Amino acid sequence: MSFGNRYTGLIHKYRDHLPVSDDTRIISLGEGNTPLIRLKNVPQWLKKDVDIYVKYEGLNPTGSFKDRGMTMAVTKAVEAGSKAIICASTGNTSAAAAAYAARAGIRAFVLIPEGKIAVGKLAQAMMYGAVTLQIRGNFDAGMELVKQVAEHVPVTIVNSINPFRLQGQKTAAFEIIEELGAAPDFHCLPVGNAGNITAHWMGYSEYFERGVVSQRPRMVGYQAAGSAPFMRGGPVAQPETVATAIRIGNPQSWEKAWELQKASQGWFDELTDAEILQAQRLLAMQEGVFCEPASAASLAGAMRDIRSGKIPEGSKVVCTLTGNGLKDPDTAISQCQSAVLETLDASLGEVEKSIVKHMQGL
Ligand code: F0G
């Protein structure tokens with residue numbers, strides 16, 4: 001057994017693959033190195049012989065994959081002498097930006113759509129000390145404002161249009177390859193701005209070009225039906241979905257996404273809110289893994305495509321679970337009407353009666 005191998009974040013681990021030097025002051029919270037969990041019950045439930053793994057990015061320090069990108073973006077912003085960062089966000093980017101800015105000792109400005117981000121994400125932005133600007137408008141409006149304001153004031157944009165974000169996020173593909181010993185056959189992700197699917201393809205391609213692996217996966221991206229510009233063939237003016245993290249009508253990485261779709265022979269598709277929430281519940285109840293609604297789009301889509309045979313039996317599939325379920329307790333509780341939640345007197349008789357009732361049939 002070896003001791004003292006403390007994991008200190010993805011920039012340290014993958015510095016040879018990232019644009020940092022020995023002098024770079026690394027801003028890290030120990031992000032990356034997330035579990036790749038092999039599903040046991042869902043494939044049985046589907047009655048299909050497929051290997052499904054979920055990459056549980058919700059276990060990053062601020063509870064989403066954004067930390068992978070933010071450690072790089074903030075490290076490089078600080079290296080360039082920036083005193084402030086800014087982003088538009090549906091919640092997770094703002095949480096990550098706020099946390100890494102706090103760690104670095106710089107200021108974060110976050111623009112969020114008023115009333116449309118999950119409560120945990122709002123708590124994070126405020127708790128980490130970001131200047132939190134709620135706009136009466138959606139993410140896409142916020143993104144345009146961020147681009148404009150950054151031309152007038154000295155702030156570094158840390159949305160995924162900042163190329164260092166994708167550099168950090170590509171490391172998730174490295175981790176998957178290292179764990180599986182090869183790339184999966186299919187990699188399924190929820191798509192908002194399409195930064196993360198682009199970053200994964202970069203990561204797979206880098207290991208492919210270095211000869212680490214001989215194959216790359218087919219990349220599959222899923223949007224929510226009410227926010228599915230890729231399926232509509234153009235921006236959606238009023239995106240809507242319960243999966244607020246991907247409530248985006250004008251993806252910032254539009255061209256890159258379609259290029260990688262072609263190059264990887266993958267596809268994009270859309271899912272209803274009901275399908276997304278069903279997959280979220282299934283994953284929690286059948287596998288003990290709690291992700292936020294947007295994240296469940298990857299599994300919902302994979303399940304549909306496995307059922308139809310588009311993803312054939314015998315395949316190895318990775319679904320990225322982009323964010324932690326705890327971020328959005330309101331949506332979780334609102335769909336738990338059938339959960340067992342009883343209110344009792346604090347008496348042995350009442351508690352015992354309830355337990356005996358629920359033990360029946362076990
Ligand atoms: N899943 C979650 C939980 C997200 O927060 C996001 C994006 C995505 C998926 C989509 O990733 O944009 O790279 O295609 N959230 C951004 C934010 C927009 O502001 O937190 P993408």
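What follows is a working chat about the predicted model above.

Me: Let's start with aromatics. How many aromatic pairs are in the whole structure?
Reply: A search of the whole structure gives 7 aromatic pairs.

Me: Take Phe230 and Phe268. How far apart are the ring centres, and what kind of pair is it?
Reply: The centres of Phe230 and Phe268 are 4.7 Å apart. Their planes sit at 55°, so the pair is tilted.

Me: Where do Phe230 and Phe268 lie?
Reply: Phe230 is in helix α10, residues 229-232. Phe268 is in strand β9, residues 267-271. The pair therefore ties together parts that are 38 residues apart in sequence.

Me: Is Phe230 buried or exposed? And Phe268, buried or exposed?
Reply: Phe230 is buried, at 4% relative accessible area. Phe268 is buried too, with a relative accessibility of 8%.

Me: Which residues do ring pairs link into a cluster?
Reply: Phe230, Trp254, Trp258 and Phe268.

Me: New topic, the cores. Which residues touch the most other members in the largest nonpolar core?
Reply: Ile52, Cys188 and Cys319. That core has 35 residues.

Me: Which elements give two or more residues to this core?
Reply: On the helix side, they are α2 (41-46), α12 and α13 (293-308). The strands are β2 (51-56), β7 (186-190), β8 (218-224), β9 and β10 (316-321).

Me: Which one gives the most?
Reply: α13 does, with 8 residues in this core.

Me: Back to Ile52. What is it in contact with, beyond its neighbours within four places in sequence?
Reply: Ile52 is in contact with Ile37, Arg38, Leu39, Val42, Pro43 and Leu46. Further along the chain, Ile52 also meets Leu299, Ile306, Val317 and Cys319.

Me: What lies apart from that core?
Reply: Another core, of 29 residues. Ile11, Leu18, Leu36 and Val213 are among its members.

Me: Now empty space. How many cavities of 30 Å³ or more does the structure hold?
Reply: The structure has 1 cavity of that size. The largest cavity has about 350 Å³ of space.

Me: Which residues lie nearest the centre of the largest cavity?
Reply: Phe65, Lys66, Gly192, Asn193 and Ala245. The full lining is 29 residues.

Me: Which helices supply at least two residues of that lining?
Reply: Those include α4 (92-104), α6 (139-149), α7 (163-169) and α9 (195-209). α9 gives the most, with 3 residues.

Me: How does the cavity lining split by class?
Reply: It has 13 nonpolar, 14 polar and 2 charged residues.

Me: And the largest pocket, how much space lies in it?
Reply: About 180 Å³. The pocket lining is Gln280, Arg281, Ala284, Met285, Phe290, Ala332, Gln335, Cys336, Ser338 and Ala339.

Me: Where does the largest share of that pocket lining come from?
Reply: From helix α12, residues 273-287, with 4 residues. By class, the pocket lining has 6 nonpolar, 3 polar and 1 charged.

Me: Switching to Pro239. Where does it lie?
Reply: Pro239 is in the loop between α10 and α11 (254-264). Pro239 counts as buried, with 1% relative accessibility.

Me: What does Pro239 touch, not counting residues up to four places away in sequence?
Reply: Pro239 touches Asn138, Asp140, Gly226, Ser227, Arg247, Ile248 and Gly249. Its C-alpha is separated by 7.9 Å from that of Ala228, 11 residues away along the chain.

Me: What about Glu259, buried or exposed?
Reply: Glu259 is exposed, at 53% relative accessible area. Glu259 lies in helix α11. Thr198 is 61 residues away along the chain, with 9.2 Å between the two C-alpha atoms.

Me: How many residues of helix α8 are buried?
Reply: In α8, residues 171-180, 8 of 10 are buried. Glu175 is one of the buried residues, as are Phe174 and Ile176.

Me: What follows α8?
Reply: Gly181, with a positive phi near 80°.

Me: Which residues have a positive phi although they are not glycine?
Reply: Ala194 is one, with phi about 70°. Gln265 is another, at about 60°.

Me: Where does Ala194 lie, and where is Gln265?
Reply: Ala194 is in the loop between β7 and α9, and is buried at 3% relative accessibility. Gln265 is in the loop between α11 and β9, and is exposed at 57% relative accessible area.

Definitions and conventions
Residues are numbered from 1 along each chain as its sequence is written. This is a predicted model: local features need pLDDT of at least 70, side-chain atom pairs count only at pLDDT 80 or more; totals for chains, interfaces and linings use all residues. Side-chain values use heavy atoms; hydrogens and water are left out. Rings of Phe, Tyr and Trp (its six-membered ring) pair if their centres lie within 6.5 Å; planes under 30 degrees apart count as stacked, over 60 as edge-to-face and the rest as tilted. Buried means under 20% relative accessible area, exposed over 50%, partly exposed in between (1.4 Å probe, protein chains only). On a 1 Å grid over the protein atoms alone, a cavity is a set of points where a 1.4 Å probe fits but cannot get out, and a pocket is an open set with protein on both sides within 12 Å along at least five of seven lines; lining residues have an atom within 4 Å of a point. Grid points are joined across faces, edges and corners, and a volume is the space filled by probe spheres set on the points. Ala, Val, Leu, Ile, Met, Phe, Trp, Tyr, Cys and Pro count as nonpolar, Asp, Glu, Lys and Arg as charged, and the others, Gly among them, as polar. A nonpolar core is a set of buried Ala, Val, Leu, Ile, Met, Phe, Trp, Tyr and Cys residues joined through side-chain atoms within 4.5 Å. Contact means heavy atoms within 4.5 Å.
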